[in-house]
Amino acid sequence: MTNRKPDSMGFESWIDQQIREAMERGEFDDLPGAGKPLPNRNEVADELWWVKQKALSEGRTLPLPPTLALRKEAEEALAAARGARTENQARKIVEEINQKIDQAIRKGLSGPPLNLMPFDVEQIITEWRDDNRG
């Protein structure tokens, strides 16, 4: 915008005139997102909205807080143990995740409460045996 507001004209009138003239020239036609709702208008204000949006646009995910990351890893380990090919492999998977859980309980991790206890290795192995008979 290169025009200056005339001294005799109020700001609102001048701005309205600039918008009207731009509309008449078609400068607002075919804008991206025209006719679509504003994104995130019903979400709570988030200071990191732009970081999250950028990560999503690049197909990345934001790192989880350590406690949530461990919970996710524990779920994946339990599924891996149940799908293991051998009993020794299943036992090793459960024992390794249990060590991480024990360390987290002793050391404490940042994030929401961990709410996770070590798995009962023998119970999981018994379930593995029952699932893999035959």
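Biologist: What does a side-chain oxygen of Asp120 reach at the start of H5?
Modeller: The backbone nitrogen of Glu122, to within 3.2 Å. Keep in mind that this is a predicted model.

Biologist: OK. Which residues of helix H5 are buried?
Modeller: H5 covers residues 121–131, and its buried residues are Val121, Ile124, Ile125 and Trp128. They span an arc of only 100° around the axis, so they sit on the same side of H5.

Biologist: And what do those buried residues pack against?
Modeller: Against H3 and helix H4, the latter being 87–107.

Biologist: Let's do charges. How many salt bridges does the structure hold?
Modeller: There are 11. In general, side chains of opposite charge can pair when their charged atoms come close.

Biologist: Which residue forms a salt bridge with Glu73?
Modeller: Lys100, with the closest N and O atoms 2.4 Å apart. That pair links distant parts of the chain, since Glu73 is in helix H3 and Lys100 is in helix H4, 27 residues apart.

Biologist: Is Glu73 buried, partly exposed or exposed? And where does Lys100 fall on that scale?
Modeller: Glu73 is partly exposed, with a relative accessible area of 29%. Lys100 also counts as partly exposed, at 39% relative accessibility.

Biologist: Back to H5 for a second. Which side chain does Glu127 meet in a salt bridge?
Modeller: Arg82, at 3.4 Å from N to O. Glu127 lies in helix H5 and Arg82 in helix H3, so this pair ties together parts that are 45 residues apart in sequence.

Biologist: How accessible are those two, Glu127 and Arg82?
Modeller: Glu127 has a relative accessible area of 27%, which makes it partly exposed. Arg82 is at 41% and counts as partly exposed too.

Biologist: What about Arg91, which residue does it form a salt bridge with?
Modeller: Glu122, and the closest N and O atoms are 2.7 Å apart. Here Arg91 in helix H4 is linked to Glu122 in helix H5, 31 residues away along the chain.

Biologist: Why do you call Arg91 buried?
Modeller: Because its relative accessible area is 18%, and buried means under 20%. Its partner Glu122 counts as partly exposed, at 45%.

Biologist: Which residues are joined with that pair into one network?
Modeller: Salt bridges with shared partners join Glu87, Arg91, Glu122 and Arg129 into one network. Glu122 is also the residue whose backbone nitrogen the Asp120 side chain reaches.

Biologist: Switching topic. Where is Thr67, and is it buried or exposed?
Modeller: Thr67 is in helix H3. It counts as buried, with 2% relative accessibility.

Biologist: What does the Thr67 side chain reach?
Modeller: The backbone oxygen of Pro112, at 2.8 Å. Leaving out residues up to four places away in sequence, Thr67 touches Leu109, Ser110, Gly111, Pro112 and Leu114.

Biologist: While we're in H3, where does Glu76 stand?
Modeller: Glu76 lies in that helix, which runs over residues 66–82. At 48% relative accessibility, Glu76 counts as partly exposed. Its C-alpha is 9.7 Å from that of Ile97, and the two are 21 residues apart in sequence.

Biologist: Now the backbone. What's the phi of Asn115?
Modeller: About 45°, so a positive phi although Asn115 is not a glycine. Most residues other than glycine have a negative phi. Asn115 is in the loop between H4 and H5, and at 68% relative accessibility it counts as exposed.

Biologist: And what is phi for Asp30?
Modeller: Near 55°, again a positive value in a residue other than glycine. Asp30 is in the loop between H1 and helix H2, which is 49–57. With a relative accessible area of 78%, Asp30 is exposed.

Biologist: Last one: which residues make the nonpolar surface patch?
Modeller: Ile15, Ile19, Met23, Phe28 and Leu31, and the patch is about 460 Å². One of them, Ile15, lies in helix H1, residues 11–24. Ile15 is partly exposed, with a relative accessible area of 41%.

Methods. Residues numbered from 1 in each chain as written. Predicted model: local features only at pLDDT ≥ 70, side-chain atom pairs only at ≥ 80, totals over all residues. Heavy atoms only, no water. Helix = DSSP H or I, 4+ residues; strand = E, 2+ residues; numbered from the N terminus. Buried < 20%, exposed > 50% of the residue type's maximum accessible area, 1.4 Å probe, protein only. Patch = residues over 30% accessible without salt bridge, like charges linked within 9 Å, V, L, I, M, F, W, Y side chains within 5 Å. Areas by Shrake-Rupley, 256 points an atom, 1.4 Å probe, with all protein chains shown as cover. Salt bridge = Lys/Arg side-chain N within 4 Å of Asp/Glu carboxyl O. Arc of directions from axis to C-beta. Contact = heavy atoms within 4.5 Å. Polar contact = N/O pair within 3.5 Å; in protein donor to acceptor, adjacent residues only side chain to side chain.
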